[in-house]
Amino acid sequence: MTRLNEEQLVALFHEPRTAYSFTDEPVTDEQLRRIQELTFYGPSAFNSQPLRITWIKSPEARERLISHLMDGNKPKAESAPMIALLSADHGWVEKADTFNPNSAEFIKGYYGDENLAKPTADMNAHIQAGYFITAIRALGLDAGPMTGADFAGIKKEFFADNAEIPFLVVNIGHGEAPAYPRGARFSHDEVARSL
Ligand SMILES: Cc1cc2nc3c(=O)[nH]c(=O)nc-3n(C[C@H](O)[C@H](O)[C@H](O)COP(=O)(O)O)c2cc1C
């Protein structure tokens, strides 16, 4: 017995496409809160949850973010009713008492070394970004993730005073039909081996 039936699996995994242009239908605050909630149920190392989400809502914030995108990505973000800027909190260890009280002493000791703490933040925030895209799709919305941006510039623009490292822009809304067919996916035997 699968958790989702075949129709639901198709709706969540087979059908959604990356969205590059969007209808005018807005994304509500309630949907944003639900995206966050679903995303954060996904597992992360030590339950660290280093992903941070910045909802880019105001026209002024949109303009500031879009100015740092590669030219080809600008119209995609301009078309989106909502833009999320995802970052990894390199200061995640400080919150260990909250996210993992049982292992907090170990986490603070072992990950006191920032050479270990930073890559752990990055890897787990990136994993959470996958849950984020899946949550958006599960809620019937479409996502357009983009790394084509000047993230050093975005860091200075939005996170100059904190330990967050931005790594992904995600356009969100109701996508218009894609302009081209989906690219081929690798088959099991092309990318998986059994030992
Ligand atoms: C991490 C990540 C970064 C991406 N960056 C860009 C980007 O900068 N610009 C863009 O147009 N598409 C970008 N994409 C979209 C991918 O090209 C797209 O998701 C992939 O080709 C699958 O397309 P499909 O969902 O239509 O099958 C990105 C996707 C991901 C997951």
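## A walk from Leu-86 outwards

Start by selecting Leu-86: leaving aside residues up to four places away in sequence, it touches Leu-51, Ile-53, Ala-129, Phe-132, Phe-167, Leu-168 and Val-170. Keep in mind as you click around that this is a predicted model.

**The core.** Now widen the selection. The largest nonpolar core has 40 residues. Those with the most contacts inside it are Ile-83, Leu-86, Phe-132, Ile-136, Val-169, Val-170 and Ile-172, so show their side chains together if you like. Which elements supply at least two residues each to this core? Colour E1, E2, helix H7 (114–138) and E4, and you have them. H7 gives the most, with eight residues. As a rule, nonpolar side chains in soluble globular proteins tend to be buried together.

**The sheet.** Switch to cartoon and look for an open sheet of four strands, ordered E1-E2-E4-E3 with antiparallel pairing. Strand E1 (51–56) and strand E3 (142–146) stand at the edges; each has a single partner strand, so one side of each is left without a neighbour in the sheet. From one strand to the next, the twist averages 30°.

**E2 against E4.** Next, pick strand E2 (residues 82–89) and strand E4 (residues 164–173), which pair in the antiparallel sense over eight bridges. Two spots to click here: Met-82 stands opposite Ile-172 in E4, and Ile-83 has Asn-171 in E4 as its bridge partner. While you follow the ribbon, recall that side chains in a regular strand alternate between the two faces of the sheet.

**E4 and its other partner.** Stay on E4. Is this strand mostly covered or mostly uncovered? Mostly covered: nine of its 10 residues are buried. E4 also pairs with E3, again in the antiparallel sense, over five bridges. To find the pairing, select Asp-142 and look across to its bridge partner in E4, Gly-173.

**The ligand.** Last stop: centre the view on the ligand. What residues are around it? Select Arg-17, Thr-18, Asn-73, Pro-145, Met-146, Thr-147, Gly-148, Leu-168, Pro-178, Arg-182 and Gly-183. Coloured by class, this shell shows four nonpolar, five polar and two charged residues. Leu-168 should look familiar: it is one of the residues around the ligand, and it was also among the contacts of Leu-86 at the start of the tour.

How values were computed: Residues are numbered from 1 along each chain as its sequence is written. This is a predicted model: local features need pLDDT of at least 70, side-chain atom pairs count only at pLDDT 80 or more; totals for chains, interfaces and linings use all residues. A residue is near a molecule or strand if its C-beta atom, placed from the backbone, lies within 6 Å of it. Ala, Val, Leu, Ile, Met, Phe, Trp, Tyr, Cys and Pro count as nonpolar, Asp, Glu, Lys and Arg as charged, and the others, Gly among them, as polar. Two strands pair if DSSP finds at least two bridges between them. Axes are lines fitted to C-alpha atoms, for helices over the stretch in contact, and angles run from 0 to 180 degrees between N-to-C directions. A residue is buried if 20 or more other C-beta atoms lie within 10 Å of its own, exposed if 12 or fewer, and partly exposed in between; C-beta atoms are placed from the backbone. A nonpolar core is a set of buried Ala, Val, Leu, Ile, Met, Phe, Trp, Tyr and Cys residues joined through C-beta atoms within 7 Å. Two residues are in contact if their C-beta atoms, placed from the backbone, lie within 7 Å.
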